[in-house]
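Student: Could you take me through one part of this model, the pocket, in close detail, and then set it against the surrounding core and charged pairs? I would like each term given with its cut-offs.

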Amino acid sequence: MPFVENLGARIHWDEEGSGAPLLLIMGLGWPSQAWHRSRPILSEKYRTIAPDNRGAGRSEAPAGPYSIAQMAADAAAVLNAARVNAAHIFGMSMGGMIAQEFALQYPHKVRSLILGCTAAGGPQAVRAEEAALQVLMTRGQDPDQFTKAVSPFIYDAGTPPERIEEDTAVRRKWYPSADAYFAQLQAVIAWEAYSRIGQISVPTLVIHGENDRLVPPENGRLIAARIPGAKLAMIPDANHIFTTDQPDLAHAAILDFLGAQATRKRVRPAPVPGAKLV
């Protein structure tokens, strides 16, 4: 089981598939196992490398608070351990923040960037409604109770309950300690990159659910407008976890974007039926 030591923590990671390397960075409190819906699809064409952020999954949870820059350094250490010089980077939610910071701190390690359901922090970021923030700030000890409270803010009303239960089973098994969760949350609150992401020059896809109640979709539009040449895909009938709400549309948009990078040409990806590519 691969681990790498970095900045006072043992960081767990693993890999699946073969092809161009694709680093997958998960969000607040979620382990790398939360890629269970996307990873089998992505691993058919790519060498997927998935770390557990410090405080989640099998990685150690040193005393916090953590920082987004610290977790980006953990991701860089994982790529080094995997002997990868440069990879496509895909981050979801907090993982999208880590991915932005990674692209800023380690631009030579980035082939392309996919930023899912995320924000750029700072005063420009559009906040979630107060009820959603309250759920995050008062996260309880029971994973099922937390899932019930947070679900309206991360899943679309039309998503089949069995899909949500599949995600819940992962969360239940790998529910982080309160200290680790809030150490990550403090990293999210303290971080800002809006003033810097104009420096990102790699091909970038910003992908967001149109109905995201946790990270409002205006944040995706702000990021796409700020990063030169970035593409924006809005997924209809999707909330925060768009890969669960609309897996087919989401994965088609992601694979189309990654496929367009094979020649390293800045080619506009073909429109994905149902997804709005701006």
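Tutor: The largest pocket has a volume of about 970 Å³, where a pocket is an open set of points, on a 1 Å grid over the protein atoms alone, at which a 1.4 Å probe fits, with protein on both sides within 12 Å along at least five of seven lines, and a volume is the space filled by probe spheres set on the points, which are joined across faces, edges and corners. The model is a predicted one, in which local features need pLDDT of at least 70 and side-chain atom pairs count only at pLDDT 80 or more, while totals for chains, interfaces and linings use all residues. Residues are numbered from 1 along each chain as its sequence is written, and side-chain values use heavy atoms, with hydrogens and water left out.

Of the 49 residues that line this largest pocket, Met-97, Leu-136, Val-188, Leu-214 and Val-215 are the closest to its centre, a lining residue being one with an atom within 4 Å of a point. Two or more lining residues are given by each of helix H3 (94-105), helix H4 (130-137), helix H5 (143-154), helix H6 (161-173), helix H7 (178-190) and helix H9 (242-245), and H4 supplies the largest share, five residues; helices here are DSSP runs (H or I, at least four residues) and strands likewise (E, at least two), numbered from the N terminus. By character the lining divides into 31 nonpolar, twelve polar and six charged residues, with Ala, Val, Leu, Ile, Met, Phe, Trp, Tyr, Cys and Pro counted as nonpolar, Asp, Glu, Lys and Arg as charged, and the others, Gly among them, as polar.

Helix H3 also holds Glu-101, which counts as buried because its relative accessible area is 3% (buried means under 20%, exposed over 50%, partly exposed in between, with a 1.4 Å probe and protein chains only). Leaving out residues up to four places away in sequence, Glu-101 touches Ile-68, Ala-69, Ala-72, Trp-191 and Arg-196, contact meaning heavy atoms within 4.5 Å.

Turning to the core, the largest nonpolar one has 92 residues, of which Ile-89, Phe-90, Phe-102 and Ile-207 touch the most other members; such a core is a set of buried Ala, Val, Leu, Ile, Met, Phe, Trp, Tyr and Cys residues joined through side-chain atoms within 4.5 Å. Helix H2 (residues 68-81) gives the most to this core, with eight residues. Beyond four places in sequence, the contacts of Ile-89 include Leu-22, Ala-99, Phe-102 and Leu-113.

As for charged pairs, a search of the whole structure finds twelve salt bridges, each a side-chain nitrogen of Lys or Arg within 4 Å of a carboxyl oxygen of Asp or Glu. In one of them Asp-74 pairs with Arg-54, the closest N and O atoms being 2.7 Å apart; Asp-74 lies in helix H2 and Arg-54 in the loop between S4 and H2, 20 residues apart, and both are buried. Arg-127 and Glu-130 meet at 3.9 Å, N to O, and here Arg-127 is exposed because its relative accessible area is 61%, as is Glu-130, at 52%. Glu-165 and Arg-172 form another salt bridge, with the closest N and O atoms 3.4 Å apart; Glu-165 counts as partly exposed at 39% relative accessibility, and so does Arg-172 at 35%.
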